[in-house]
Amino acid sequence: MCGRFSLGNVKAINRKYDLNIVPNYNISPSSQILIKTDKVFSMKWNFSPNWASTPLNIINARYETLREKPSFKYTKRCGIFLNGWFEWKKVGKRKEPFFHYLTDEYFFLGGIFSDAGCAIVTIDSGGFLRNIHHRRPVFFSINHLDLWLNAQDKLLFEGNPPDDLRIHKVSEKVNSAKVNDEKLVEPIC
């Protein structure tokens, strides 16, 4: 699952796409997020199908059921810009936050969207990631996002190597969506 992420290193994105976005180190559901299809634009991170009489407020969608669920029938694929995401590990009665990232300037989460918002696509965690949470977002380097956008699902996991991830424990200050500074992504002992 993915309930928070960070987009702190925006210089390369601003330069490449001629934008003027500012860093956001604690992006939470219902925020405006930057996505990429054949163009780059902002959209609300909060999905609800057009047919829903009350908002469903979906932030994550399981890859395994995307084609089965009526909620996602009319969605399109997108990439969600980020520098890393936060995940919480249950330790006794507490949850400890960890930051997951690549060494790239930025990368993408696989997402789905419609005019009703967007959601992050997740899959089962494997290996060392499972020690923190049983689900993780689908993610892609800059060079592999087209595998997702063009629905090349047979090659999906070539561009989604969990072994390339780095992870470290971070401050519990990330638990508050009101806290937004670069110290949130720094490791703590």
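Me: What is the relative accessible area of A177?
Reply: In this predicted model, A177 has a relative accessible area of 40%, and A177 counts as partly exposed because the buried class ends at 20% and the exposed class starts over 50%.

Me: Where along the chain is A177 found?
Reply: A177 is found in the segment after strand 13.

Me: And which residues is A177 in contact with, apart from its sequence neighbours?
Reply: Once the neighbours within four places in sequence are left aside, A177 is in contact with R4, N26 and S28.

Me: How far is A177 from I27 in space?
Reply: The C-alpha atoms of A177 and I27 are separated by 7.3 Å, although their positions lie 150 residues apart along the chain.

Me: OK, so I27 then. Which strand does I27 lie in, and is it buried or exposed?
Reply: I27 lies in strand 2, and it counts as buried because its relative accessibility is 5%, which falls under the 20% cut-off.

Me: What does I27 touch?
Reply: Not counting residues up to four places away in sequence, I27 touches G3, R4, F5, S6 and L7, and also I33 and W45. R4 is also among the contacts of A177.

Me: How far apart are I27 and N46?
Reply: From C-alpha to C-alpha, I27 and N46 are 12 Å apart in space, with a separation of 19 residues in sequence.

Me: Let me zoom out. How many helices and strands are there in the protein?
Reply: The protein has 2 helices and 13 strands.

Me: What is the radius of gyration, and what would a compact globule have?
Reply: The protein has a radius of gyration of 16 Å, and this agrees with the value near 16 Å that a compact globule of 189 residues would have. Taken along the principal axes, the box filled by the C-alpha atoms is roughly 45 × 40 × 35 Å.

Me: How much of the protein counts as buried, and what area does it expose?
Reply: Of the 189 residues, 51% count as buried, while the protein exposes about 10,100 Å², with carbon and sulfur atoms supplying 50% of that area.

Me: What share of the contacts joins residues at least 24 apart?
Reply: If you take the contacts between residues at least 6 apart in sequence, 63% of them join residues at least 24 apart.

Me: What about the charges, how many are there and how far apart are their mean positions?
Reply: There are 27 positive and 19 negative charges, and the mean positions of these two sets are 6 Å apart.

Me: Back to single residues. Where does S48 lie, and is it buried or exposed?
Reply: S48 lies in the loop between strand 4 (40-44) and strand 5 (60-62), and S48 is buried, with a relative accessible area of 13%.

Me: Which backbone nitrogen lies 2.9 Å from the side chain of S48?
Reply: That is the backbone nitrogen of L56, and the distance runs to a polar atom of the S48 side chain. L56 also appears among the residues that S48 touches, together with T54, P55, N57 and A116, when residues up to four places away in sequence are not counted.

Me: New topic: what is the phi of D18, and of S30?
Reply: D18 has a positive phi of about 55° although it is not a glycine, and S30, also a residue other than glycine, has a positive phi near 80°.

Me: Why would anyone point that out?
Reply: A positive value is worth a remark because most residues other than glycine have a negative phi.

Me: Where are those two placed?
Reply: D18 is in the loop between helix 1 (11-17) and strand 2 (24-27), and S30 lies in the loop between strand 2 and strand 3 (32-36). D18 is exposed, at a relative accessible area of 71%, whereas S30 counts as partly exposed at 40%.

Me: Last one: what does I167 touch, and where is it found?
Reply: I167 is found in strand 13, and, leaving out residues up to four places away in sequence, it touches F98, F99, H100, Y101, F128, L129 and I132. I167 counts as partly exposed at 26% relative accessibility, and its C-alpha is 26 Å from that of N14, which is 153 residues away in sequence.

How values were computed
Residues numbered from 1 in each chain as written. Predicted model: local features only at pLDDT ≥ 70, side-chain atom pairs only at ≥ 80, totals over all residues. Heavy atoms only, no water. Helix = DSSP H or I, 4+ residues; strand = E, 2+ residues; numbered from the N terminus. Rg over C-alpha atoms; globule rule 2.2 N^0.38 Å. Buried < 20%, exposed > 50% of the residue type's maximum accessible area, 1.4 Å probe, protein only. Contact = heavy atoms within 4.5 Å. Areas by Shrake-Rupley, 256 points an atom, 1.4 Å probe, with all protein chains shown as cover. Lys, Arg positive; Asp, Glu negative; His and termini not counted. Charge placed at Lys NZ, Arg CZ, Asp CG, Glu CD. Polar contact = N/O pair within 3.5 Å; in protein donor to acceptor, adjacent residues only side chain to side chain.
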